[in-house]
Protein chains: 2
Amino acid sequence: MASQIIECVPNISEGRRSEVLEEVKGALERTAGLKLLGMSPDGSHNRTVITLAGDADALLAGLEELYAVTLKHVDLRSHTGEHPRLGAVDVVPFIPIRNATTEECVELAKKAGSIIWEKFRVPVYLYEDAASRPDRKELPAIRKGQFEGLAEKMKDPAWAPDFGTPEPHPSAGASVVGARPPLIAYNINLGTNRVEVADRIAKAIRHIGGGYRFVRAMGVALEDRGLVQVSINMVNYKKSPLFRVFETVKREAQRYGVNVVSSEIVGLVPEDALLETADYFLQLESFDPSQVLERKIAELEQ
Amino acid sequence: MASQIIECVPNISEGRRSEVLEEVKGALERTAGLKLLGMSPDGSHNRTVITLAGDADALLAGLEELYAVTLKHVDLRSHTGEHPRLGAVDVVPFIPIRNATTEECVELAKKAGSIIWEKFRVPVYLYEDAASRPDRKELPAIRKGQFEGLAEKMKDPAWAPDFGTPEPHPSAGASVVGARPPLIAYNINLGTNRVEVADRIAKAIRHIGGGYRFVRAMGVALEDRGLVQVSINMVNYKKSPLFRVFETVKREAQRYGVNVVSSEIVGLVPEDALLETADYFLQLESFDPSQVLERKIAELEQ
C-alpha cells in the first residue's frame, strides 16, 4: 500500500520580507515527513502561497511551525497589500492527492482548526468541503470586510467562528481552513488577436455562464505574442476534466475560424489528470493506473 | 534527486512447476531493495517472464538469486516447450526507466554477464544495445538453433560468447543479456470483422513494411467480439511514440470506412509514455514532467 499524500496550500500575509520568508522556509523544511513543494511570494499582494505535501501528521506538525513563525512576525494592524486577507495565516486548504479522501481532508481541517484555536488563539472559519453551513462554503463571503472589518463582523451571531470565541486575534485576525479538490491553473492559447473570441469562449465554458460546473474562465490578450488566451481555473478536474474542456474550447474556436495554438499548465498538476487525458484520447479500454510502472513500484515500497 | 529505477525482465525456461516458481519468487522477494513487479508463467511455452525493478546493485543481487534457484531445478536436456530457448535463464534485458541511461544499462549488462560466467559458469551473449557486433543485436539470430544446437554453434568462432568459453553449460546452456528501451504491448481495436483491414494497417505502420522504425504489428481477429485488432509491440516509445501510432492507425482505418473502437495497454507502461500522450493531445507548451505533483514529491524524497 502506497503512503497517503495530502497537499496543503496555506497563504500567509507576508510577501516582502525575505528574512521572514526564509525563517518560514527553514521551519517547514525541518518538519519530519513534510515536503515543501514551493513558496511563491508576491510583493504587491504582500502575500505568499506555500505548497506543502505529506500525510496528516506531517501537515499538522508543519502548520504549527508555520503559525508560530508567522504570528511572531506578521501584524495585520500594520499590513498593506493588494490582496484581500482576514488573517496572518489567511487560508489553509487541505487537498486529497493519493490514498486520501475528501472526508479525511475535512476531518483534518477540523483537527487543524481546533489546534489553531487551542494553541494560537486564532479563531477559525471552516470553508469549502469542510464548511459548517452553505453560506460559509465560499472564501470571498467569509473574507468580506477583511481584517479591518472583522471585529465588527464577528459580533453578528451568523458570523461566529467554527473554532474559538467571536473576537479576532489582535494581530493575526482569523484563519479560513478547509478541504477542496486540487486546482489546476490551465490556459488555452488561440491563434487570433481578437480578445472577444477568448471572452466569448470563456463565457461558454464557465459555470457562471452555463458551462461546466467546475470551471472558472476569462479571456486575456497576450499582446506580445499577438494571441489571446482562455485563462482557466479547473476547480475539480475529476468532474469537469481537462480533456473535455480542451476539446470544447477547440470546437468553440472553430466557430470563429480560429485554431488552438497551444495550451499550458501553470504550476503543479496531479498525475491522474494527465493519465485520464491520455486514457481519453487513446480511447483506452480497462486501463488501470496501477499499470503505470512507477506507480506499481511506489505501491510496493510501503 | 529521485532514486534510479532500472527494470529487468529475465525469462526463465520453467513455466509449469509451481513449487519451483514459488522458490524463485521467495528468493527474489527476499532480496533487499529489489521490487518483484510480476511473474507470468506460460505452461505451453514452459517459460516464465519475470519483471523486476530496482537500482543496479539490487538487480545484480536478485539475478544471482535467480540463477542459483533456476540452475538448481531446470535442466534443458529434459526441457520441452513451444517457445525457443537457449538457456535455463534464457534472456536478461535491462531497461532504463528513471534517472538511468542506456549507457548505464549496457554497463550493467556487461557486469551481469561477467558475474553469470564467473559464478555460474554459464556463457553469455550480449544483445540489443549491449551487442558487441551488429549481427548479435537481435535475439532470434543468437537463439537460432536453440539449446540443442548450441554446442555445435559455439564451435564457430563467429559465435564465441562475449563472456566465458565456447561451450554450453551442460544443463543451463547459455544466457542472452543486454539493454533495451521499455517495450509497450499495445492493441488498437477496429469496428469491423474484416481481418484484412487490421492486416493492411499493421503492414502500413510496422518497420518491416515501411512504417515506423520502432513498431512491430500484426492483424488479429477478435472473433468473440466481432472486431479486429492491430496488435502492436512498441519497442521504443520515445522515438516511435504511442500517440503518433494511434493517430496513424485511426487515419488509415478511415481509408476503409472503419472506426477505432478502443485501444488497450497490456501490462505495464512507463509513466512518460502517458505523460507524453497527454502533452501531445493537449498541445501543451513548455510542459515539464516535474510539474507532476507526485513526481515533484518523489524527487524531494531522496
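Start your tour by selecting Met234(B), which sits in strand 10 of chain B; helices (H or I, at least four residues) and strands (E, at least two) are DSSP runs, numbered from the N terminus. The model is predicted, so local features need pLDDT of at least 70 and side-chain atom pairs count only at pLDDT 80 or more, while totals for chains, interfaces and linings use all residues. Residues are numbered from 1 along each chain as its sequence is written, and chains are lettered from A and ligands numbered from 1 in the order in which they are written.

**Stop 1: around Met234(B)**

Is Met234(B) buried or exposed? Met234(B) is buried because 25 other C-beta atoms lie within 10 Å. The cut-offs are 20 or more such atoms within 10 Å for buried, 12 or fewer for exposed, and partly exposed in between, with C-beta atoms placed from the backbone.

Now show what Met234(B) touches: Leu183(B), Ile184(B), Tyr186(B), Phe214(B), Val215(B), Ser240(B), Leu242(B) and Val245(B), leaving out residues up to four places away in sequence. Here a contact means that the C-beta atoms, placed from the backbone, lie within 7 Å. For a distance check, pick Val74(B): 160 residues separate Val74(B) from Met234(B) in sequence, and their C-alpha atoms are 31 Å apart in space.

**Stop 2: the sheet of chain B**

Widen the selection to the open sheet of 4 strands in chain B, whose order is 9-10-8-11 with antiparallel pairing. Two strands pair if DSSP finds at least two bridges between them. At the edges you will find strand 9 (215-222) and strand 11 (260-266) of chain B, each pairing on one side only. On average, neighbouring strands of this sheet are turned by 20° against each other, direction ignored.

Zoom in on strand 9 and strand 10 (residues 227-234) of chain B, which pair in the antiparallel sense over 8 bridges. Within chain B, Arg216(B) stands opposite Asn233(B) of strand 10.

Next, bring in the helices. Helix 6 (residues 195-205) of chain B lies across strand 8 (184-190), strand 9 and strand 10 of chain B, and runs at about 175° to strand 9 of chain B. Axes are lines fitted to C-alpha atoms, for helices over the stretch in contact, and angles run from 0 to 180 degrees between N-to-C directions. Helix 7 (residues 242-254) of chain B also packs on the sheet, where it touches strand 8, strand 9, strand 10 and strand 11 of chain B; its direction makes about 20° with that of strand 8 of chain B.

**Stop 3: where the chains meet**

Show both chains together. How many residues does each chain bring to the contact? Chain B gives 37 residues and chain A gives 37 residues. On the side of chain B that touches chain A, strand 1 (5-8), strand 3 (35-42), strand 5 (89-98), helix 7, strand 11, helix 8 (271-281) and helix 9 (293-300) of chain B each supply at least two residues. Helix 8 of chain B gives the most to that side, with 6 residues.

Try colouring that side of chain B by residue class: 22 are nonpolar, 7 polar and 8 charged. Ala, Val, Leu, Ile, Met, Phe, Trp, Tyr, Cys and Pro count as nonpolar, Asp, Glu, Lys and Arg as charged, and the others, Gly among them, as polar.

**Stop 4: over to chain A**

Hide chain B and look at chain A as a whole, with its 9 helices and 11 strands. The C-alpha atoms of chain A fill a box of roughly 55 × 50 × 40 Å, taken along the principal axes. Buried residues make up 47% of the 302 residues in chain A.

Select helix 2 (residues 56-73) of chain A. Its buried residues are Leu59(A), Gly62(A), Leu63(A), Leu66(A), Tyr67(A), Val69(A) and Thr70(A). These buried residues pack against strand 1 (5-8), strand 2 (11-12), helix 1 (18-29), strand 4 (47-54), strand 5 (89-98) and helix 3 (102-120) of chain A.

**Stop 5: a hairpin in chain A**

Finish with strand 9 (residues 215-222) and strand 10 (residues 227-234) of chain A, which run antiparallel and are joined by 8 bridges. Gly219(A) stands opposite Val230(A) in strand 10 of chain A. The two strands form a hairpin with 4 residues between them, and Gly226(A) in the turn has a positive phi of about 65°.

Terms used: Contact = placed C-beta atoms within 7 Å.
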